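Trainee: Before we open the model, could you show me how to read a helix pair, a ligand site and a single residue in turn?

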Amino acid sequence: MALVEFNKETCIKCGICAAICSAGIIYYKKDHYPRLLPGAAEICLRCGHCVGVCPTDSITHQELPLERCPPIDKKLKVSFKQVSQLIKSRRSIREFQDKPVPIEVIERIIETARYAPTGHNNQEVRWLIVNDRKKMKELADVGADWMRWTVKNVPGMAEMLVDPIKRLDAGYDVFLRHAPALVVAYAEKGNPIAATDCAIALGYFDLAANTLGLGCCWAGFFYFAAGSFPAMIETVALPEGMNCYGALMLGYPKYKYQRIPPRKPARIIYRA
Ligand SMILES: Cc1cc2nc3c(=O)[nH]c(=O)nc-3n(C[C@H](O)[C@H](O)[C@H](O)COP(=O)(O)O)c2cc1C
């Protein structure tokens, strides 16, 4: 059986499947049925565009069966205004309620965020969830060690850490902001597109989390430490060969924002 088959009883020969195929493995000539080119199985990205775009459900992809491709619910279409407010009103949350985040809620958000695009549809983003107060404290303590070590040993970062370390000394967890949970996106070391894929996935996660009343903050300090500080690498304990490409602190925000602070205007250049 071919990887992709076209149902000649229902196909209307519109050729859209061939037009959108990113790998160019569907051949189409006007008024003819589309067909798969030789070697397609090796080249196919498994992106499912052909199945998703066909107006008559005439495509069977062996690895992406129709039952795994739910119809798009037109009633759920969101407006630009809604998306714009969601993006603009999202804040980096640094004060959290003392309330755990149910693991099912985190999983539900990941279930959406995993649909974020990945280079060549590689879908190699993996997730680590830390959702335990004791483990969060352990990470924060190692993070504090990293900050104290860095301020003494990494000239480029010392300046940035002087003030945070004063707050650390005063008992405030400037590293993980006393967040109840942390979500880490990781992937194989050496995957050249992984940093971008993970950042996009976490960005989607952040927005989706906001719609469920949660708030996130990018854990930049954690990211640095998880990539270079042996004690942190050991504490995070990612599977062999994997690298942390980004992380979000997560929890229920303690305070509600009432307004959207301004940002620099977009700096755009045009090639008209
Ligand atoms: C890559 C990245 C790393 C960040 N790291 C931290 C961090 O370690 N701690 C923190 O409190 N905020 C961190 N932030 C949050 C920024 O300070 C924040 O996005 C910025 O001040 C703008 O605020 P807003 O996100 O509410 O618009 C980080 C943001 C990004 C994008």
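Mentor: Let us begin with the helices of this predicted model. Angles of 65 to 115 degrees count as roughly perpendicular, and α6 and α9 are therefore roughly perpendicular to each other, since their axes cross at roughly 80° and come within 10 Å.

Trainee: Which residues of α6 and α9 make the contact?

Mentor: On the side of α6 (residues 133-153) they are L139, W146 and M147, while α9 contributes F221, F222, F224, A225 and S228. By class, the residues of this contact divide into seven nonpolar and one polar, with no charged residue among them.

Trainee: Which residues are around the ligand?

Mentor: The list includes R90, R91, S92, R94, R177, M249 and R263, together with the run C217, W218, A219, G220 and F221; F221 also belongs to the α9 side of the helix contact.

Trainee: Which atoms of R90, W218 and G220 lie at short range from the ligand's own atoms?

Mentor: For R90 it is a side-chain N or O atom, 3.0 Å from an oxygen atom of the ligand. W218 instead places a backbone N or O atom 3.0 Å from a ligand nitrogen, and a backbone N or O atom of G220 lies 2.9 Å from a ligand oxygen.

Trainee: Turning to one residue, is G251 buried or exposed?

Mentor: Buried means under 20% relative accessible area, so G251, at 0%, counts as buried. G251 lies in strand β8 (residues 242-251) and, leaving aside residues up to four places away in sequence, touches F96, V101, P180, L214 and G215.

How values were computed: Residues numbered from 1 in each chain as written. Predicted model: local features only at pLDDT ≥ 70, side-chain atom pairs only at ≥ 80, totals over all residues. Heavy atoms only, no water. Helix = DSSP H or I, 4+ residues; strand = E, 2+ residues; numbered from the N terminus. Buried < 20%, exposed > 50% of the residue type's maximum accessible area, 1.4 Å probe, protein only. Contact = heavy atoms within 4.5 Å. Axes fitted to C-alpha atoms, helices over the stretch in contact; angles between N-to-C directions. Parallel < 35°, antiparallel > 145°, perpendicular 65-115°, else oblique. Nonpolar A, V, L, I, M, F, W, Y, C, P; charged D, E, K, R; others polar. Near = heavy atom within 4 Å. Polar contact = N/O pair within 3.5 Å; in protein donor to acceptor, adjacent residues only side chain to side chain.
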